[in-house]
Amino acid sequence: MRAMWKGAVSFGLVSITVRLYAATEEKSVRFRQVHRDDGGRITLRRFCDDCETEVPYRDIAKGYEFDDGRLVVVTDDELAELPLPTVRTIEVLKFVHTEEIDPILYNRTYYLEPEDIAVTPYALLRNALRNSRRVAIAKVALRQVERLAAIRERDGMLVLQTMLWPDELREPDFPFLRETTVVRPSELAMTISLIDSMTDHLDPDGLRDGYRTALLDLLAAKAGGDTSNGAAPDGPALEDTTEGLGPGHALQRGRVARTA
């Protein structure tokens, strides 16, 4: 894996140098826009509506539009001057019990790997969080955006999970919440009984995306192959936009030939 961030976890007088790695990967099948008649790629061009010309990337800046329509342009130098102390530091704000965090706040998950000189303090923090059943609430800047994050122990690793800021959550505003719903005790007992009968231990390895498997089989078949035995399909290969194709679907890079 390739580190996407390097810095230090800091709390009190402790500083633990770490590297950050994405802990998850997107498995969705991605399509490319093509011309229906000949399969040619559809390219998106940067076009200025005011001067009606195509704009090179070097001339593109960041603009922010206010609600009243006013537009301001911000330069990279101006953004670089803004205070962002968490660019190279994961700043721990406090420690809380695991159950205090509402799962709706969680966003992306990353692994924290210690630098060689930081293995011992890393292990101390990891074991302390695991034994106390606590997580660290921290702030960190990723891609020039400061994010709220939680650090916890998982399978011997410190895991950083970025979180939504509280003001990013929408309040549920649905009519039925303002109505009084009568729940009969007998019906509630039956529902709990049904839940009990279906309760089991979670086995993540036993969960599969059936739709993605069927979609990959369809794409392989249209490319002229059969993936039922895990063999690579014969004939034209598929576009390299099917990112994250799993094993057993040996779809190769290239362009999809037009099929009848």
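Let's start with phenylalanine 66. In this predicted model, phenylalanine 66 is partly exposed, with a relative accessible area of 38% or 34%? The value is 34%. The 38% belongs to phenylalanine 95, which is also partly exposed. I'll come back to that one.

Stay with phenylalanine 66 for now. What sits over its ring? The charged end of arginine 70 does, 4.8 Å from the ring centre.

Phenylalanine 66 also has an aromatic partner. How many aromatic pairs does a search of the whole structure find? Two. One joins phenylalanine 11 and phenylalanine 95. Their ring centres are 5.6 Å apart and their planes stand at 85 degrees, so the pair is edge-to-face. Where do those two residues lie? Phenylalanine 11 is in strand β1, phenylalanine 95 in strand β7. They are 84 residues apart, so this pair links distant parts of the chain. The other pair is tyrosine 64 with phenylalanine 66. Here the centres are 5.1 Å apart and the planes are at 85 degrees, which makes it edge-to-face.

Next, the inside. The largest nonpolar core has 21 residues. Which of them have the most contacts inside it? Val9, Val18, Ile90, Leu112, Ile151 and Leu160. Several elements feed this core. At least two residues each come from β1, β2, β7, β8, α2, β9, β10 and β11. The largest share, four residues, is from β9.

Take valine 9 as an example. Leaving out residues up to four places away in sequence, valine 9 touches Val14, Ser15, Ile16, Val18, Ile90, Val92, Leu112, Leu125 and Ile151.

There is also a second, separate core. It has eight residues, including Ile101, Leu105, Leu148 and Met163.

Now threonine 162. It lies in strand β11, which covers residues 157–163. Buried or exposed? Buried, because its relative accessibility is 2% and the cut-off is under 20%. Who are its contacts, once neighbours within four places in sequence are set aside? Leu105, Tyr106, Asn107, Arg108, Tyr110, Leu142, Arg147, Leu148 and Ala149. Two of those names, Leu105 and Leu148, you have just heard in the second core.

On to the backbone. Glutamate 52 is not a glycine, yet it has a positive phi of about 55 degrees. Where is it? In the loop between β3 and β4. Glutamate 52 is exposed, with a relative accessible area of 58%. Arginine 133 is another case. It too is not a glycine, and its phi is positive, at about 55 degrees. This one is in the loop between α2 and β9. Arginine 133 is exposed, at 60% relative accessible area.

Last, helix α4, residues 210–222. How far should its 13 residues span? At 1.5 Å a residue, 18 Å. The end C-alpha atoms are 19 Å apart, which agrees. Which residues of α4 are buried? Arg212, Leu215, Leu216, Leu219 and Ala220. Look down the helix axis. The buried residues fall within an arc of 135 degrees, so they line one face of α4. Why does that work for a helix? An α-helix has 3.6 residues a turn, so residues three or four places apart point the same way.

Terms used:
Residues numbered from 1 in each chain as written. Predicted model: local features only at pLDDT ≥ 70, side-chain atom pairs only at ≥ 80, totals over all residues. Heavy atoms only, no water. Buried < 20%, exposed > 50% of the residue type's maximum accessible area, 1.4 Å probe, protein only. Contact = heavy atoms within 4.5 Å. Core = buried A, V, L, I, M, F, W, Y, C linked by side-chain atoms within 4.5 Å. Phe/Tyr/Trp six-rings, centres within 6.5 Å; stacked < 30°, edge-to-face > 60°. Lys NZ or Arg CZ within 6 Å of the ring centre and 35° of its normal. Expected span 1.5 Å × (residues − 1). Arc of directions from axis to C-beta.
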